[in-house]
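Here are my notes for you, as promised. Have the chain open while you read, and click along as we go.

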Amino acid sequence: MQAKPTDVLEVSFIGYTTQTIPLNGKTSVTITMKQDIKGLDEVVVIGYGVQKKKLVTGATASVEGDNLQKLNAPNALQALQGQAAGVNITSTSGQPGGGFKVNIRGVGTIGNSSPLYVVDGVITNDITYLNNSDIATIDILKDAASCAIYGVNGANGVVLITTKGGSASGRKGGHVTFDAYYGLQNVPRKVDLLNAQEYATMQNEAAINSGKGPLFTQEQINALGTGTNWMDEMFSSNVPTENYDLSASGGTDVSTYSLGLSYTSQGGIVGGSKISNYDRYNFRANTERKLYNNKLKVGEHLTFSFKNQKGIKDGNIYNNSFRGAFGTSPLLAMYGPDGNFLNSQDETVYNGGVWYDGEVNPYAMMVLTNKSETKTQTLVGDVYAELEPVKNLKLKTTFGLNYSSSASHSYLPAYGHLSVYSYNDYETITQNGSQGYTWNWDNTVNYNFSLNDHKFDILGGMSVRKYTGSWMYGSNKGTTLFGNFDRAYLSNSEVTTITMSPSSDAADAQTVTHSISLTGNQNAVYAQESFFGRINYDYKETYLASVVFRADGSTMFAKGHQWGYFPSVSLGWVMSNAPFMESTKNVINFLKIRGSWGTNGNDAISAFNYLSLIKLDNAQYNFGNDNSTLTPGSYPSTIGVENTQWETSYQTDLGFDAQFLNNRMSLNVDFYNKTTKNWLIAAPLLATAGVATNPYINGGDVTNKGVEIQLSYNNQIGKDFHYNVSGSFAYNKNEVNNIPTEDGIIHGGTNSLFTNAPEFFRASAGNPIGYFWGYKTAGVFQNEADVQNYTSHGAVLQPNAQPGDVKYVDLNGDGEITADDKTNIGDPNPHEVFGLSFSCNYKNVDFSVTTNGVAGNKIAQSYRSTANSYDNWTSEILTRWHGEGTSNRMPRVTQNNVNWVKFSDLYIHDGSYLRVSNISLGYDLAKVIKWNNLSEFHFYVAAQNLFTFTKYNGMDPEVGYSADDANGTYSFGQGVDLGFYPRPKTYMVGVNIKF
């Protein structure tokens, strides 16, 4: 390697500590690599401070940012999957820029169960705006004792993100790094739909089973060919994704800096980059300066992100562009003879005419109805000053800001009939914007001192946080000036002034062809004031204790209920320091036993819950003899509840941390019991209450019990081969204990799984949150005798059933199949969450593979409408019953879909999977190129989402979509696949260059 005599070498290998070696004029250097003992003496972030890892008495997990960056994921949450035991991360959509659902130690509430995110001391509700190259570490606080320092915000766990800072160590003059990758994305697996011939055959069978004649002759079926494959039409191939990072860091003994600039782009596999795309630009600047002989430190963390995102609708059955591809028949062609999208009223596929004039081209609807774009700017950062007037006494003040603004616009063009129902006569433009910011001011006093072998670390502090924001929305319907999306803004439209006819005669009524509406408001102000303290104690680094207390005041509650108090205590014993363990030192290098108990809170409800609010919009009344004069009015929108208070989580944790075999193996195990009480739930009100919004009350509790295991092993074979194996496993049982409503149930929504669907999920005592509620089945009737012999108390249970119909279980044994027979038919919550990774180096070659998965969860799959006999089927229907002995699970097909109208375990699928999330093979060319100052030139090829091992027959078993409850207040109906946008499979090449 070519280097200057004054240069400093930095040497690192997987499983070994990084070493910096000044050359000092040497021409050759012998380097002995030292095994990384998993940093027992290194410090980890614990909230308002740091602590030696070996002295931590709470349940925490730490992931290095460099390890996340190597996975080439577009954001940190995706890269974090399977990395930390007890952390379940599920994609809510595979669309670029799609969100993630994160649960730490199970789902603790039917409301917002997401953890608290703290980036460089600033609280935020999302971290996907960060680029992985900017992250130094992610520390996850899982038990109540660790989270108690965040009080009201810590009930669902806390994720602490530290962005990269500068350092005076390392190469003189600092480091410059450049990282880049470019990849091509494709759908990993498509749902197999029936082709035209299979579809026509199934339609014949459905008609015959419904007492009608066949719809197609065999000659017609043979002439149909395969028809249109809508899966192929909706997906695009080789869609690009790319990322570029440029950073610089360094410093001196008194000043450090770290700067970063990055660009990330990802196109969507559904429709391609023109329809679905995500661009993100990031800038980061972290600096620190020491003054007055290191008595004062001042600095800042600053991260700016700009996102430009467009995509398709991927929500419920009425707001999901992709879902149409599952139901549209293969008989409908993409284009008509004129080259335009075919109107199903004009097709000639069925006896020279129309097959079904109500179906519409799903690709056309995706293109026409998803012309939208959202631009978001996020600024998260803080400035701080820390004064050390006397040794070990530190006074710190921090002012943080989380600012976000977004602007979006959309365009719906006018288009002619694509079906009898699908057309749009008038262009529509929408434009909206919002902005909001949260500032926080934190002040802490920290004092460390020792009394002989007794060491104390005392922290006291206060925090104030306040949020404010506003929004505006406008729409304009009518002829636009330019007729395209790029210039679709409110002013670029022709608007005709509309006046109301004074006459009440219907002949005088006006047809509105142009209209404009504009609305906006300020968001409710939210504020929080907190006082907190912590005492960490250790005796000879053997006997450990920590006590935390926090008091929080929140504007979400009425006076008298605004303050909550959250204590915690944790104890630890470094057992390996005991004299009787001396004989095991060669095997057990470190063993710490720890336990904790504590409480955390949650105040996530809507503002002014304690007030009875009045609304003025849409409240105009006509008191005259004609409709020309309207009088403004008002009406109550909600009922105030003054005694609503904190939702509180109580948690007990027992665990141990160990190092074995000369510190080559590390093991962390935790057992926990977490109960969340006094849920914040929307009160069930009858319509006669006369309000549109249900107020929040306290009621309900749930227990999550489980075990977590984190294991890693690193070693070497010979001189040049180094390897590391690590894995995480967590088991969790979720069970609701009590819901104090009249029927003891929080009901799931209806009409959400398919058109006119019944309630299919709920929460009730003795069951997990969001369990699937429906009928159990006992197979399929094979013949008429089977129908007649299926009896209870001497009566035939399903007298109207036909051979091929589903057998429903008479669960309560009353001799009838009624709603009383519905029960728990599946748990959408994973029972086990796990991950496994392997990495190795041989000289300049490196290889790694990362996996993650879940087990024990169920998925409710619904691709077809029961109200429509024309919808297509998946190829699973080919296993249906079509004669005695042909199937005992999949029922016969009928035109009225009689076997699918009731929600039963026919809809339930096993959601377990193991995913190979990343495979990478690389080579460091630095020793070959031998450029001055070049310390790394790492070239690699990688694959993401390469294999997924699962029994699930959908496109992606990682289904993060959630359905709404009966009131539409929260979405706790998990694991629902209505046509889920899948995660792409990606092949990429990349490079890491460091000077």
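Which side chain does Glu708 meet in a salt bridge?

1. Keep in mind that this is a predicted model. The partner of Glu708 is Lys142, with 3.0 Å from N to O. Look at where the two sit: Glu708 is in strand β34 (residues 701–717), while Lys142 is in the loop between β10 (135–141) and α3 (144–147), so this salt bridge ties together parts that are 566 residues apart in sequence.

2. Now check how hidden that pair is. Buried means under 20% relative accessible area. Glu708 counts as buried at 1%, and Lys142 is buried too, at 6%.

3. The pair isn't on its own, either. Glu708 and Lys142 belong to a network of salt bridges that also links Arg105, Lys592, Arg594, Asp653, Asp657 and Asp670. In total, the structure holds 24 salt bridges.

4. Next, find strand β30 (residues 647–660). Of its 14 residues, 10 are buried, so β30 is largely enclosed by the rest of the structure. Strand β25 (residues 588–602) pairs with β30 in the antiparallel sense over 14 bridges, and one spot to click is Ile588, whose bridge partner in β30 is Phe660.

5. Strand β30 also runs antiparallel to β31 (residues 665–677), joined by 13 bridges; Gln651, for instance, has Lys674 in β31 as its bridge partner. β30 and β31 form a hairpin with 4 residues between them. Have a look at Leu661 in that turn, where phi is positive, about 55 degrees.

6. For a pair with more access, go to Lys540 and Asp453. Their closest N and O atoms are 3.8 Å apart in a salt bridge. Lys540 is in the loop between β22 (526–539) and β23 (543–554), Asp453 is in the loop between β19 (428–451) and β20 (454–477), and the two are 87 residues apart. Lys540 is partly exposed at 49%, and Asp453 is partly exposed at 36%.

7. Further along, what does the small sheet with β46 look like? It is an open sheet of 3 strands in the order β47-β46-β50, with mixed pairing. β47 (908–910) and β50 (976–977) stand at the edges with a single partner strand each, so one side of each has no neighbour in the sheet. Strand β46 (residues 858–861) runs antiparallel to β47, with 3 bridges, and Ile859 stands opposite His909 in β47.

8. Last stop: Glu958 and Arg983, whose side chains meet in a salt bridge of 3.0 Å, N to O. Glu958 counts as buried at 1%, as does Arg983 at 7%.

Note on methods
Residues are numbered from 1 along each chain as its sequence is written. This is a predicted model: local features need pLDDT of at least 70, side-chain atom pairs count only at pLDDT 80 or more; totals for chains, interfaces and linings use all residues. Side-chain values use heavy atoms; hydrogens and water are left out. Two strands pair if DSSP finds at least two bridges between them. Buried means under 20% relative accessible area, exposed over 50%, partly exposed in between (1.4 Å probe, protein chains only). A salt bridge is a side-chain nitrogen of Lys or Arg within 4 Å of a carboxyl oxygen of Asp or Glu.
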